[in-house]
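Subject: A structure for you to look at

Hi there,

Here is the structure I promised to pass on to you. Please open it next to this email, and then read on for what I found in it.

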Amino acid sequence: MDSSPLPIVYQDESLVVIDKPSGLLVHRSRLASDAKVFAMQLLRDQLGQHVFPLHRLDRPTSGLLVFALDSDTARLVNEQWTERAVEKTYHAVVRGYVDDAGIIDYPLKEELDKIADKDAREDKEAQQAITEYRCLKRIELPFKVSKKHDTSRYSLVELKPKTGRKHQLRRHMSHIRHPIIGDSRHGEGRHNRFFRDQFGCNRLLLAATHIRFQHPHSNEALDLSIDIPDELLRAFS
């Protein structure tokens, strides 16, 4: 990873919000023994004080990541997450032409990992998972990526998860046959390779671009946004 400072989007005496780069783990994990640097460690060293991550972003997902600067703030904000009082918006590039808007209401069984979840129960029922989506742009490119079609279609979408299941957005978009580009687990290799070769996109094209929650001490609404990353817009420009 790049050793430059993490981009800070917001900071006060109790909270700090960064724009996490794609490829950076939030904290140490048994799943990624190859990783040597982590957002939590980098931000701690950058600020010179302990930080408490309040939620997670998948390693390949970029975007807004919230940390508390003390345990009391962490507890108060975590209560908002538990009560689903935090609004989050993501942007993604997906295969195909997505409907103008819709709601994916599709329960998800917990994805278990052989290492991290080796002691977890495998018979747990699927949990409620809801995602709202809206199509922002569509494009048809004169390239034969799949065997069926002479051209290739893609959509830029806005995603609003109403629940917080593991890999929810990636799994939901795959479920409706519009996998996110760059998703090696739930996507399609041919389209991922096409974006790497044609547009130089070597990442998952999913970014957390907006978050809104109540400041735990002032009770004012914190409404934070970042621009859609350039990699997500290249095919549409």
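The radius of gyration used here is taken over C-alpha atoms, and the rule for a globule is 2.2 Å times the number of residues to the power 0.38. For 237 residues, a compact globule would have a radius of gyration near 18 Å, and the protein agrees because its own value is 18 Å. Please keep in mind that this is a predicted model.

**The overall picture**

Along the principal axes, the C-alpha atoms fill a box of roughly 55 × 45 × 35 Å. You will find five helices and ten strands in the protein. Of the 237 residues, 44% are buried. The exposed surface comes to about 12800 Å², with carbon and sulfur atoms supplying 45% of it. If you take the contacts between residues at least 6 apart in sequence, 65% of them join residues at least 24 apart.

**The nonpolar cores**

Which residues have the most contacts inside the largest nonpolar core? They are Phe67, Leu159 and Leu206, in a core of 26 residues. Several elements supply at least two residues each to this core, including strand 2 (15-20), helix 1 (39-47), strand 4 (62-68), strand 8 (152-161) and strand 9 (206-214). Strand 5 gives the largest share, three residues.

Leu206 is a good residue to click on. Leaving out residues up to four places away in sequence, Leu206 touches Thr61, Ser62, Tyr90, His91, Ala92, Leu159, Leu169, Arg170, Ile180 and Leu232. Apart from the largest core lies another one, of 16 residues, and among them are Val145, Phe195, Phe199 and Cys201.

**The salt bridges**

Side chains of opposite charge can pair when their charged atoms come close. In this model the count of salt bridges comes to 17, and here are three that you can look up.

Let us begin with Arg170 and Asp58, whose side chains meet at 3.0 Å, N to O. This pair links distant parts of the chain, as Arg170 sits in helix 3 and Asp58 in the loop between strand 3 (52-53) and strand 4, 112 residues apart. Are these two buried or exposed? Arg170 is buried, because its relative accessible area is 7% and the cut-off for buried is under 20%. Asp58 has a relative accessible area of 24%, so it counts as partly exposed. There is a third partner too: Asp58, Arg170 and Asp183 are linked in a network of salt bridges.

Next come Arg95 and Glu188, with a salt bridge of 2.3 Å, N to O, between their side chains. Here again distant parts of the chain are linked: Arg95 belongs to strand 5 and Glu188 to the loop between helix 3 and helix 4 (189-199), 93 residues apart. Glu188 is partly exposed, at a relative accessible area of 26%.

Then look at Lys124 and Glu110, which meet in a salt bridge of 2.9 Å, N to O. Both Lys124 and Glu110 lie in the loop between strand 6 (101-105) and strand 7 (130-141), so the pair ties together parts that are 14 residues apart in sequence. Lys124 is partly exposed, with a relative accessible area of 34%, and Glu110 is partly exposed at 39%.

**Three residues in loops**

What does the side chain of His55 reach? It reaches the backbone nitrogen of Val66, at 2.9 Å. His55 lies in the loop between strand 3 and strand 4, and with a relative accessible area of 9% it is buried. Apart from neighbours within four places in sequence, His55 is in contact with Val26, Leu64, Leu65, Val66 and Trp81.

The other two residues are worth a look for their backbone angles. Most residues other than glycine have a negative phi. His167, however, has a positive phi of about 55° although it is not a glycine. You can find His167 in the loop between strand 8 and helix 3, where it is buried, at a relative accessible area of 12%. Arg177 is not a glycine either, and its phi is also positive, near 70°. Arg177 is placed in the loop between helix 3 and helix 4, and at 59% relative accessibility it counts as exposed.

Happy exploring, and write back with any questions!

Best wishes

Key:
Residues are numbered from 1 along each chain as its sequence is written. This is a predicted model: local features need pLDDT of at least 70, side-chain atom pairs count only at pLDDT 80 or more; totals for chains, interfaces and linings use all residues. Side-chain values use heavy atoms; hydrogens and water are left out. A nonpolar core is a set of buried Ala, Val, Leu, Ile, Met, Phe, Trp, Tyr and Cys residues joined through side-chain atoms within 4.5 Å. Buried means under 20% relative accessible area, exposed over 50%, partly exposed in between (1.4 Å probe, protein chains only). Helices (H or I, at least four residues) and strands (E, at least two) are DSSP runs, numbered from the N terminus. Contact means heavy atoms within 4.5 Å. A salt bridge is a side-chain nitrogen of Lys or Arg within 4 Å of a carboxyl oxygen of Asp or Glu. A polar contact is a pair of N or O atoms within 3.5 Å; within protein, one must be able to donate a hydrogen and the other to accept it, and residues adjacent in sequence count only if both atoms are side-chain atoms. Accessible areas come from the Shrake-Rupley method with a 1.4 Å probe; for residues, only the protein chains shown count as cover.
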